[in-house]
Amino acid sequence: MMKRCFMTMVAVMTLTMAGAQTVMPQACEQSIVTPKDTGRYLWLPIQESAPEGKVQVIVSKVDYYVALDLQPYRGKGALKVCVQNVPTGSMCFKKLVQNNDADFALIDEKFRPLYHHTPKRGWMNDPNGMFYKDGVWNLYYQYNPYGSMWGNMHWGHSTSTDLIHWKDEGVALAPDAWGTMFSGSCVLDKGTVVAMYTASRPTPFGGDVQAQCIAFSNDGGKTFTKYEGNPVLTAEDKDFRDPRPFWNEDIKTWNLILAAGQEMRIYSSKDLKSWKYESSFGKEYGNHGGVWECPDLFELRNGENEKMRKWVLICNINPGGPFGGSATQYFVGQFDGHKFTCESKPEITKWLDYGKDHYATVSFYNAPDNRRTVLAWMSNWQYANQVPTKQFRSANSIARDLGLFECKGETYVSVVPSKEMLAVRGAKVKQLTEACEIVIDVKKQAEIVLSNAKGEQVTMKYDGLKQTFDAFPCVTEAPTYGTIKQLRIFIDRCSIEAFDADGKMAMTNLVFPSEPYNTIKVKGGKATIYQIDN
């Protein structure tokens, strides 16, 4: 410990609204030293009678840029931006840039997916508020626009007309006095888009308070006005979040399901503002290895048997996944608008995806043609903050359509790539590329090995006798609920998603090879490779 030389200060900068001029406040920098290029040692004078303090060494380096959108502040005078925990004298202040270029200084990162949705910059986790309206798929997501680590939660917004190509629409919901913007959902009510979300704020005694709020949009979900009567639903529970409202045509009212600790609670409402508690589900059912989160509740029909109508309750859990960390489980049963009844035994756990990197799965509201289309966050809380990307972190899975099938007296949810993925299937190619689809016709036993010149590889094995499919160095294994005749494997720069073509198995895992896999070897099957036209 050395005697005090200088201390960390809060720096204040003023960005004028008229142009790019940056005005810095005057600050005492007598303790800030910029060493010369020559001379190995910097000798620091010590005064024994001075107060004790720490020496800070400031290395000025810009890894990437994030944008503060000034448009909401236009016409409101000078904007003062307080930057905390950056020592006065940091060279970072001299590298500030102000312009109208939304793509300024984007990094060409080798692990940024080519046909999966990602944010341009910043951190992304749970998909939120997804809905379809007037030919446009709207995707909101948990978003930190000011860094590529979790925190400072906003709702980011992207739109698409084909579930493949996404347009960045900026921030839709920002933190307010009630807290940061946690997960939630959107519904359509007489043309108005209504977002229901969790506001989370810390308490003076530690922990946080989570309350459910709503906001309205009359421009298709681009901008929202928060309800002045927020919050609309509160509880004393520590984990009370992720509301999923939906219109229940059977009882002509709104229902709501949300997560509370290790159970799901169901409510009803006539106006989306006043909610009546109906029931809870979860005690002793399924996996309870972690906190229950991000629920969804909807009716599904079997495409081959339209009379088979069952309700599915999606329950994302962290930790507790089949191979560690976060994952998506589900329950099949019936729902009468008041209570969900699971048809399976309590000890039975069903997983929607058996990979490491498939979490926070929720569906699009109002999807066309009675489709139940879902997206997942393609990562795992065990390591999501540490994956080797820089300016952005995380991607979504490809869109998937859900259905029902039966096996040995149990009803399961089928998962297939959305039909939009066929639209971007390009020409057949002989060699793997960093973004492609592999279709493999398999026999009773099959082994698929993807590799590169560095000796890195991924091995996938199908065992028709055991009815299992396993893959990847950490070995994630999925039941196939019968035999597989064809596999569809989607490769993007940092991910591999494997599906039984009939929908009875799905497995999603991240991979970060030092160079793309360019070789495939198949035993017990025949592979056809298609490039992805993006």
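Trainee: Which residue in E34 does Arg488 stand opposite?

Mentor: This is a predicted model, where local features need pLDDT of at least 70, side-chain atom pairs count only at pLDDT 80 or more, and totals for chains, interfaces and linings use all residues. Residues are numbered from 1 along each chain as its sequence is written, and side-chain values use heavy atoms, with hydrogens and water left out. Strand E33 (residues 486-492) pairs with E34 in the antiparallel sense over six bridges; strands (E, at least two residues) are DSSP runs numbered from the N terminus, and two strands pair if DSSP finds at least two bridges between them. Opposite Arg488 in E34 stands Phe499.

Trainee: And which residue in E35 does Phe499 stand opposite?

Mentor: E34 also runs antiparallel to strand E35 (residues 506-510), and five bridges join them. The two form a hairpin with five residues between them, and Gly503 in that turn has a positive phi of about 90 degrees. In E35, the residue opposite Phe499 is Ala506.

Trainee: How many of the six residues of E34 are buried?

Mentor: Buried means under 20% relative accessible area, with a 1.4 Å probe and protein chains only. On one side of E34, Ser495, Glu497 and Phe499 are buried; on the other, Ile496, Ala498 and Asp500 are buried. For strand E34 (residues 495-500), the count is six of six.

Trainee: Why does Thr468 count as buried?

Mentor: Thr468 lies in strand E31 (residues 468-471). Contact means heavy atoms within 4.5 Å. Leaving aside neighbours within four places in sequence, Thr468 is in contact with Lys461, Tyr462, Asp463, Glu477, Ala478 and Thr480. Thr468 counts as buried because its relative accessibility is 11%.

Trainee: Which strands stand at the edges of the open sheet E23-E24-E26-E27?

Mentor: Strands of a sheet pair through backbone hydrogen bonds, either parallel or antiparallel. This open sheet of four strands has antiparallel pairing. Each edge strand has a single partner strand, so one side of each is left without a neighbour in the sheet; the edges are strand E23 (359-363) and strand E27 (410-417).

Trainee: Which residue in E24 does Tyr359 stand opposite?

Mentor: E23 pairs with strand E24 (residues 373-377). The pairing is antiparallel, over three bridges. Opposite Tyr359 in E24 is Trp377.

Trainee: Across the protein, what share of the 534 residues counts as buried?

Mentor: The protein has one helix and 36 strands. Among contacts between residues at least 6 apart in sequence, 59% join residues at least 24 apart. Of the 534 residues, the buried share is 51%.

Definitions and conventions
Buried means under 20% relative accessible area, exposed over 50%, partly exposed in between (1.4 Å probe, protein chains only).
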